[in-house]
Amino acid sequence: MAQQNNFNPSVVATAFREAYGTEPLLVRSPGRVNIIGEHTDYNDGFVLPAAIDKAIYVAIGKRDDDTIKLFSREFGQSHTTTLTDVHPTRGWANYILGVVDQIQKRGHKLGGFNLVFDGDVPIGAGLSSSAAVECATAFALNQLFGLGISRKEITDIAQKAEHTYAGVRVGIMDMFASVFGKKGHVIKLDCRSLEYEYVPLNMEGVKVVLLNTNVKHSLASSEYNTRRQECEQGVAWIKEHHPEVASLRDATLEMLDKYVAPKDAVVDKRCRYVVEEIQRLLQGCEDLKNGHLDDLGKKMFATHDGLSKQYEVSCKELDFLVDFVRNNDAVLGARMMGGGFGGCTINLVREEAIDDLVAQASKAYKDAMGLDLTAYIAQVEDGTSVIIL
């Protein structure tokens with residue numbers, strides 16, 4: 001059975017009151033799905049994410065000293081430091097401390113604070129739980145200390161925190177979707193200019209179903225950074241002949257044929273996927289505007305094939321799940337989502353068929369891979385906000 005949203009944010013506020021005896025400010029920041037446009041964000045392309053009804057909740061309150069006290073309800077762990085001794089550590093605390101570091105580096109004045117967080121964005125599923133923690137923290141600190149930071153700057157602070165403290169060079173999409181999400185819409189985000197447009201997502205009779213492989217292969221972070229380097233190499237070779245090409249956003253398939261393919265077949269495959277994916281996304285937005293969800297679904301399958309065979313960031317578990325639903329009339333589209341090497345597939349499934357599909361896929365996946373499958377139904381929701389219980 002697919003899991004619906006049933007997390008109660010009041011448990012986070014209650015844990016805060018019990019620990020600190022004061023009333024907290026409570027902030028919600030959602031995870032995200034990306035309908036189409038994967039690994040295009042750091043190539044200055046477009047992405048098409050949406051915030052979902054799975055979120056991280058941060059309860060926060062001021063202290064009268066410069067101490068920072070953090071508690072993760074999910075892990076049952078604490079971390080304590082001071083405003084003058086913020087530095088990278090290990091694990092979940094980095095996502096919060098990286099945000100504190102970025103805010104202080106921008107000249108904003110913080111005081112000490114207590115913070116408790118928890119939520120229902122599954123870790124390692126490719127739904128950007130880390131971005132949700134970072135955005136919730138930045139938004140909460142902004143509210144608590146009246147810093148006057150814009151939503152756009154919150155996304156930048158969260159992204160830089162991930163780069164510097166978590167050590168993963170993520171693009172801006174995850175943070176942007178978390179902060180700017182809008183119920184019933186996807187965000188067509190230009191990752192170069194950060195201009196964005198809300199595109200209606202008319203899902204009548206269809207739901208977003210996430211099938212979690214429950215694997216996270218250790219390749220993920222290192223291969224992610226390698227892919228970035230491969231894309232940058234392709235751009236450098238094109239730039240020798242076309243100085244105006246600043247990223248793969250500006251490249252064409254003809255340029256790849258002439259300047260990249262003769263030099264390196266692997267770099268060519270990587271770049272070719274990105275150039276084709278940017279085109280798929282732009283066409284997919286037209287599909288949505290015209291109400292052609294079926295056509296968008298076909299492009300999602302094409303995206304998965306590109307990610308698996310050209311970009312090579314899939315894995316046997318993800319490929320199995322996409323292939324399992326490929327010829328099912330109730331599934332409009334499916335693909336792996338996120339950085340790759342594990343996590344979820346995103347599926348557009350006709351509502352009445354969801355339970356049967358999940359039951360069949362769970363059995364087939366267990367038989368083939370020896371692993372349990374977890375399924376989630378995701379609703380498209382608004383972005384980061386203060387919660388009043």
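Just after helix 2, Gly107 takes a positive phi of about 85°, in what is a predicted model. The helix that precedes this glycine, helix 2 (residues 93–105), has 13 residues, for which a span of 18 Å is expected at 1.5 Å a residue, and its end C-alpha atoms are indeed 18 Å apart. Ten of those 13 residues are buried, so helix 2 is largely enclosed by the rest of the structure. The buried positions are Ala93, Asn94, Ile96, Leu97, Gly98, Val99, Val100, Asp101, Gln102 and Ile103, and what covers them includes strand 4 (67–72), strand 5 (77–82), strand 6 (113–119), helix 3 (129–145) and helix 4 (151–166).

Helix 4 also holds Gln159, a residue that is buried with a relative accessible area of 12%. Apart from residues up to four places away in sequence, Gln159 touches Val170, Gly171, Ile172 and Met175.

**Helix 9 and its surroundings**

Helix 9 (residues 293–310) has 18 residues and reaches 25 Å from its first C-alpha to its last, which is close to the 26 Å expected at 1.5 Å a residue. Its buried residues are Leu293, Leu296, Gly297, Lys299, Met300, Phe301, Thr303, His304, Gly306, Leu307, Ser308 and Gln310. These buried residues pack against strand 9 (206–216), helix 8 (265–289), helix 10 (316–325), strand 10 (331–336) and strand 11 (342–350). Helix 9 is followed by Glu312, whose phi is positive, near 55°.

The packing of helix 8 on helix 9 can be described in further detail. Their axes are 9 Å apart and make an angle of about 170°; the two helices are therefore roughly antiparallel to each other, the cut-off for that term being an angle over 145 degrees. On the side of helix 8, the contact is made by Lys269, Arg270, Arg272, Tyr273, Glu276, Glu277, Arg280, Gln283, Gly284, Asp287 and Leu288, which meet Leu293, Asp295, Leu296, Lys299, Ala302, Thr303, Gly306, Leu307, Lys309 and Gln310 of helix 9. The residues of this contact divide into six nonpolar, five polar and ten charged.

**Salt bridges**

The count of salt bridges in the model comes to 30, and three of the pairs are set out below.

| Salt bridge | N to O distance |
|---|---|
| Glu230 and Arg227 | 3.6 Å |
| Arg350 and Asp294 | 3.9 Å |
| Arg326 and Asp305 | 2.8 Å |

What separates Glu230 and Arg227 within helix 6 (residues 219–239)? The two residues are three residues apart in that helix, which places them about one helical turn from each other. An α-helix has 3.6 residues a turn, so residues three or four places apart point the same way. Both Glu230 and Arg227 are buried, and both belong to a network of salt bridges that links Glu223, Arg227, Glu230, Lys269, Arg270 and Glu312. In this network, Lys269 and Arg270 are also among the helix 8 residues that meet helix 9, while Glu312 is the residue with positive phi that follows helix 9.

The side chains of Arg350 and Asp294 likewise meet in a salt bridge. Arg350 lies in strand 11 and Asp294 in helix 9, so the pair ties together parts that are 56 residues apart in sequence. Arg350 is partly exposed, with a relative accessible area of 29%, and Asp294 is partly exposed as well, at 41%.

Helix 9 takes part in a further salt bridge, through the side chains of Asp305 and Arg326. Because Arg326 lies in the loop between helix 10 and strand 10 whereas Asp305 is in helix 9, this pair ties together parts that are 21 residues apart in sequence. Arg326 counts as partly exposed at 26% relative accessibility, and Asp305 is partly exposed with a relative accessible area of 24%.

**A buried loop residue**

Thr384 lies in the loop between strand 12 (374–378) and strand 13 (385–386). Is this loop residue, Thr384, buried or exposed? Thr384 is buried, with a relative accessible area of 1%. Leaving aside neighbours within four places in sequence, Thr384 is in contact with Val27, Arg28, Ser29, Pro30, Cys135, Phe139, Arg151, Ser178 and Val179. Thr384 and Ile56 are 328 residues apart in sequence, yet their C-alpha atoms are 9.5 Å apart in space.

Methods. Residues are numbered from 1 along each chain as its sequence is written. This is a predicted model: local features need pLDDT of at least 70, side-chain atom pairs count only at pLDDT 80 or more; totals for chains, interfaces and linings use all residues. Side-chain values use heavy atoms; hydrogens and water are left out. Helices (H or I, at least four residues) and strands (E, at least two) are DSSP runs, numbered from the N terminus. The expected span of a helix is 1.5 Å times one less than its number of residues. Buried means under 20% relative accessible area, exposed over 50%, partly exposed in between (1.4 Å probe, protein chains only). Contact means heavy atoms within 4.5 Å. A salt bridge is a side-chain nitrogen of Lys or Arg within 4 Å of a carboxyl oxygen of Asp or Glu. Axes are lines fitted to C-alpha atoms, for helices over the stretch in contact, and angles run from 0 to 180 degrees between N-to-C directions. Angles under 35 degrees count as roughly parallel, over 145 as roughly antiparallel, 65 to 115 as roughly perpendicular and the rest as oblique. Ala, Val, Leu, Ile, Met, Phe, Trp, Tyr, Cys and Pro count as nonpolar, Asp, Glu, Lys and Arg as charged, and the others, Gly among them, as polar.
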